[in-house]
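Thanks for coming. Please have the sequence and the structure open while I talk.

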Amino acid sequence: MKETIGYLGPKGTFTKIAVDSMFNGEVKNGYSTIPECIDAVVNNEVTYAVLPLENAIEGTVNITLDYLIQAQDVKIVSEVIVPIRQHLMVHPDNVDKWSKIDAVYSHSHAIAQCHSFLRKELVKVPTHSMTSTGAAAEFISQHPNQNIAAIANHLAAKEYGLSIVKKDIHDFNNNHTRFVVLHKKQTELTSNKLEEKGFKTTVTVTLPSDQPGALHQVLSAFAWRNLNLSKIESRPMKTGLGNYYFLIDIEQKMDDVLIPNAITEMESLGCKVSILGSYPYYLHSGNGVTLAV
């Protein structure tokens, strides 16, 4: 039986690019929301789920992180970093009049990532948020009689038969998104198509209440063991104002000594520590776009 992969759909999203780079002939099911995708793993509807976790420009995708924390029996088993290249696309019937489009559709993050282009090239053209860039492209393909455009990637243009009229309209060329692969078992997932760039162990740490210097002591547990941290971020625990946990990425594979002993030290301070995963990460090339006009 083939494994089933769930992802934030529909087809043509950046998440689908990440999925295709990590998996081959498996069955791939798109879900309309991130919670639905995570629930699909929890309920054994899919074997793996691929979701965006962090964007270099817009920051953490909070809904992914929050639901991942709630789904305690789901782990991160791999990660692929995808360069984000945003393009303006229209229905082929509207290629000649794209400069006078009536509206632009896309995900809110994509719209924000193309702010300068929209402000300079499409002054006063209204923008409308969709659940994903792929959903925006699908909407454009279904309304050929309207002179409207989508901001999406090259895969969406191909999937929905749209013409790219302006490529690479994003504001920053160093924009990337981290996509994580989720699984019910803590078994790392490797790729034979992408070059491995490193290894991470991701943990969450809840500090003891009313203990001055607790965060400093937590960081010291990593520092004196020479454990490099590539990310530390606070997130509300949703139990009241002032209550936070910390998300920490350690640039090292889970070992038998250093990380376990750091966790033991933090727990001795009264901290609660949870391991979200220890996994390899990969970088996608981002190639595959042509201008269709």
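Are Glu79 and Arg178 buried or exposed? Both Glu79 and Arg178 are buried. Before I go on, please keep in mind that this is a predicted model.

I will stay with that pair for a moment. Glu79 and Arg178 form a salt bridge through their side chains, at 2.7 Å from N to O. Glu79 sits in strand β5, residues 75–83, and Arg178 sits in strand β11, so the salt bridge ties together parts that are 99 residues apart in sequence. As background, side chains of opposite charge can pair when their charged atoms come close.

How many salt bridges does the rule count? The count comes to 13 salt bridges. I will take two others.

One of them joins Asp66 and Arg235, where the closest N and O atoms are 2.6 Å apart. Asp66 lies in helix α3 and Arg235 lies in strand β13, residues 229–236, so this pair ties together parts that are 169 residues apart in sequence. Asp66 is buried, and Arg235 is buried as well.

The other one is between the side chains of Glu265 and Arg225, at 2.8 Å from N to O. Here too the pair links distant parts of the chain: Glu265 is in helix α9, residues 258–268, while Arg225 is in the loop between α8 and β13, 40 residues apart. Glu265 has a relative accessible area of 24%, so Glu265 is partly exposed. Arg225 counts as buried because its relative accessibility is 12%; the cut-off for buried is under 20%.

Some salt bridges share partners. Through such sharing, Glu54, Glu79, Arg178, Lys200, Lys231, Glu233 and Asp249 are joined into one network. Glu79 and Arg178, the pair from my opening question, belong to that network.

Next, the domains. The domain assignment gives domain 1 as 4–83 plus 176–283, and domain 2 as 87–166. Their C-alpha centres lie 31 Å apart. Where they meet, 12 residues of domain 1 are in contact with 15 residues of domain 2.

How much area is buried between domain 1 and domain 2? The figure is about 1100 Å², and carbon and sulfur atoms give 64% of it. On the domain 1 side, the residues that lose the most area to domain 2 are Lys11, Gly12 and Glu58, which together make up 40% of what that side buries.

Across this interface the rule finds zero salt bridges. It does find three residue pairs in polar contact. The element that gives the most to the domain 1 side is helix α1, residues 14–22, with four residues. By type, the residues of that side divide into three nonpolar, five polar and four charged.

Now a single helix, α2, which covers residues 34–42. Its buried residues are Ile34, Pro35, Cys37, Ile38, Ala40 and Val41. What do the buried residues of α2 pack against? They pack against β1, β2, β3, α3 and β11. You have already met α3 as the helix that holds Asp66, and β11 as the strand that holds Arg178.

Look at both ends of α2. At the N-terminal end, Thr33 acts as a cap, with a side-chain oxygen 3.2 Å from the backbone nitrogen of Glu36. Just after the helix, Asn44 takes a positive phi of about 65 degrees.

I will finish with two loop residues. Leu122 is in the loop between α5 and β8. Leu122 counts as buried because its relative accessibility is 4%. Its contacts beyond four places in sequence are Leu88, Trp98, Ser99, Ile101, Val104 and Phe117. Take Ser99 as one of these: Leu122 and Ser99 are 23 residues apart in sequence, and 7.4 Å apart in space from C-alpha to C-alpha.

The second is Asn147, in the loop between α6 and β9. Asn147 is buried, with a relative accessible area of 10%. Which backbone oxygens does the Asn147 side chain reach? It reaches that of Lys97 at 3.2 Å and that of Lys100 at 3.1 Å. Beyond four places in sequence, the residues that Asn147 touches include Asn94, Ile101, Asp102 and Ala103.

That is the end of my part.

Conventions:
Residues numbered from 1 in each chain as written. Predicted model: local features only at pLDDT ≥ 70, side-chain atom pairs only at ≥ 80, totals over all residues. Heavy atoms only, no water. Domains from an automatic or database assignment. Contact = heavy atoms within 4.5 Å. Buried area = accessible area lost by both parts, 1.4 Å probe. Salt bridge = Lys/Arg side-chain N within 4 Å of Asp/Glu carboxyl O. Polar contact = N/O pair within 3.5 Å; in protein donor to acceptor, adjacent residues only side chain to side chain. Nonpolar A, V, L, I, M, F, W, Y, C, P; charged D, E, K, R; others polar. Buried < 20%, exposed > 50% of the residue type's maximum accessible area, 1.4 Å probe, protein only.
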